[in-house]
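Subject: Structure for you to look at

Hello,

Here is the structure I said I would pass on. Please open it beside this message and follow along; my notes come after it.

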Amino acid sequence: MKDLDFERDRDLARDFLSNFADANGEAKYMNILQDVANHKTKAVQIDLEDLFNYKDLDEEFLRRVTENTRRYIGIFADAIDQLMPEPTEAFPDDDHDILMTQRSEEGTENTDGSDPRQKMPSEIKRFYEVYIRASSKGRPFTIREVKASYIGQLVRISGIVTRCSDVKPLMQVAVYTCEECGFEIYQEVTARVFMPLFECPSNRCKTNNTKGNLILQLRASKFLKFEEAKIQELAEHVPKGHIPRTMTVHFRGELTRKVAPGDVVELSGIFLPIPYTGFRAMRAGLVADTYLEAMSVSHFKKKYEEYELRGDEEEQIARLAEDGDIYNKLAKSLAPEIFGHEDIKKALLLLLVGAPHRKLKDGMKIRGDLHICLMGDPGVAKSQLLKHIINVAPRGVYTTGRGSSGVGLTAAVQKDPVTNEMVLEGGALVLADMGICAIDEFDKMEESDRTAIHEVMEQQTVSIAKAGITTSLNARTAVLAAANPAWGRYDLRRTPAENINLPPALLSRFDLLWLILDRADMDIDLELARHVVYVHQNKESPALGFTPLEPSVLRAYISAARKLSPCVPKELEEYIASAYSSIRQDEAKTNTPHSYTTVRTLLSILRISAALARLRFSDTVAQSDVDEALRLMQMSKFSLYSDDRQKSGLDAISDIYSILRDEAARTNRMDVSYAHALNWISRKGYSEAQLKECLEEYAALNVWQIHPNTFDIRFIDA
């Protein structure tokens, strides 16, 4: 192996930084350095792809940078020191600048050149950090694939963040002053621990034989932001029969606070060993621990707020927004492999979009998240829908009822392994803050654990008083629960309340409780079987009449929709109020009410209407949105209504006629528009075809007249 010439490599690095031009022909790195000089940015990210595409590329140099990254960061930093341009904009001096000016003035007279510790290390002069970023070509390694042969090299790893420490200052250069001779002594700190200096090493103190006492100057020392995180293998990368591996990751400087527990990330960094220190070193002997020194972080799923639309995505969303049928298209694009359930998919789409949170002047909050409970017979694809929604949502946590305890859902108090303090560990609902928490097998949860969810669903906080920690955590989560009825299947001989078997306090908190009954119906069963067989053969859903949207496009559309905050106009207030009071009246009349209507139901109507307005990119709620919200509330119990009618012996046509007659009598009008008639009967679960059949039949009996073009109805007063 030939000797490495680091001087030559520094020149190569300097050439690359000063001469590299990006696709637009601009000097990419010189522009970054100008920003650094103007104190606009602190991080200099060097892309290995740029080094690979550089015209005067030295292959060996690229290999050395990849395999000895830690050393080459220093070499690039030296090259940057030589290239750093003068600032072009004025900026206020901070402590660091004032100290540096003073040091450079005093530096010449204060050193006697004998001791290397008196020379100012280059680290303390730098006000920027250098990161070398691995190329994004090829797939990232799993934690299992990073072996000992990769130590010291730049690797790219994907995984899920399981825990993060607080950001703490890490000493990089310790600065001492001597009480006797007043010299400034510098000590570079490279490891996690260091031995402070006690005696002054300067010539003056040695000649005078005075052991000068050194005082550590914290203001003059240089500290870095430091954060430690644990990253765990993704479930799909774990071989069968094994448990997921974990790795420690160290974030420094500008990379801190970029990740949170529960994020799926791709990291590039240097794989390094770290010896054990103190008592653990005695036990461990020769064994060292390994960690990843992070160089760059990229998230697989961005949060809605951080979503920046690319040019082509903006055009696509603008095109979609103009499409009149976008609501149906987006709903059908959710889990297209699952047959039917169109209205349920619409409700789940609204759950993803949500309504804006309202904060009143006195600090009271009204939640904007929708909560949905899917209650149904076995085998109606509830869990599949839940899993799919978690995949689409940028932040989602999936748990099951039996596998999660009350503390697992809210927050647990644990001992921190590093500091031995009592710390709070957020549970599933806290991890899903600003996202969706899907709870499967909701009915099989212990009663005591289920009470933990009550507070989260309405107040959207988790309050804790345990082990001397009294606090309240945010859990602005949309809860999506799936449950089976009591006795496993829905028993039609019993009342809905007996079947649902959840306490009213919890039921009223769900905006939509969706009952999905599995009924035998020749035509539907045939269609369903054909659909399932097709999916099995072709591994994709049958043609929907349009290409279903990818989850990434759905996320982009929803992130654009969530930026709006629609309000209810004055003219709709009376309409919503009368709709709510009529629902309450209907419930009061029946002996066995299907649902439990409270003021929360009224808020649910407002929330669903606002979510629908967001989907249309509108700033005001329209009457059609309120009608659709009411229709969804009725349709959620649709499978029960059809059964009630069979019991009461009314056929569809007679029932439609009685609905229209009652509504006309209530409003005291002889004329009914076709749109109103369709709205009334669709709330009761009838189709447009049945309405037309009823109109023709009763027109022949001369009960009403129908307008030939608009199909409006006029009752003939008998």
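How many bridges join strand 9 (residues 264-275) to strand 10? There are eleven, and the two strands run antiparallel. Before going further, please note that this is a predicted model.

Strands 8, 9 and 10

Within the pairing of strand 9, Leu267 stands opposite Val297 of strand 10. Strand 10 covers residues 288-299 and also pairs with strand 8 (residues 246-252), this time in the parallel sense and over three bridges. There, His250 has Glu293 of strand 10 as its bridge partner. As background, strands of a sheet pair through backbone hydrogen bonds, either parallel or antiparallel.

The five-stranded sheet

Elsewhere there is an open sheet of five strands with parallel pairing, in the order 14-17-20-13-21. Its edges are strand 14 (396-400) and strand 21 (512-516), each of which pairs on one side only. On average, neighbouring strands in this sheet are turned by 15 degrees against each other, direction ignored.

Strand 14 is joined to strand 17 (residues 436-440) by five bridges in the parallel sense. One residue to find here is Val397, whose bridge partner in strand 17 is Cys437. Helix 13 (residues 382-392) packs on the sheet and touches strand 13 (372-376), strand 14, strand 17, strand 20 (478-483) and strand 21. The direction of helix 13 makes about 160 degrees with that of strand 17.

Met120

Met120 lies in the loop between helix 6 (95-110) and helix 7 (122-125). Is Met120 buried or exposed? Met120 counts as partly exposed, because its relative accessible area is 24%, and the partly exposed class lies between the 20% and 50% limits. Apart from neighbours within four places in sequence, Met120 is in contact with Met100, Arg103, Lys125 and Tyr186. Ser104 is 16 residues away from Met120 along the chain, and their C-alpha atoms are separated by 9.4 Å.

Cysteines

How many disulfides does a search of the whole structure find? The number is zero. Cys205 shows the reasoning: its closest cysteine sulfur, in Cys181, is 3.6 Å from its own, whereas a disulfide needs the two sulfur atoms within 2.5 Å. That distance is therefore too far for a bond. Cys205 is buried, at 3% relative accessibility. Cys567, with a relative accessible area of 40%, is partly exposed.

Regards

How values were computed. Residues numbered from 1 in each chain as written. Predicted model: local features only at pLDDT ≥ 70, side-chain atom pairs only at ≥ 80, totals over all residues. Heavy atoms only, no water. Pairing = 2+ DSSP bridges. Helix = DSSP H or I, 4+ residues; strand = E, 2+ residues; numbered from the N terminus. Axes fitted to C-alpha atoms, helices over the stretch in contact; angles between N-to-C directions. Contact = heavy atoms within 4.5 Å. Buried < 20%, exposed > 50% of the residue type's maximum accessible area, 1.4 Å probe, protein only.
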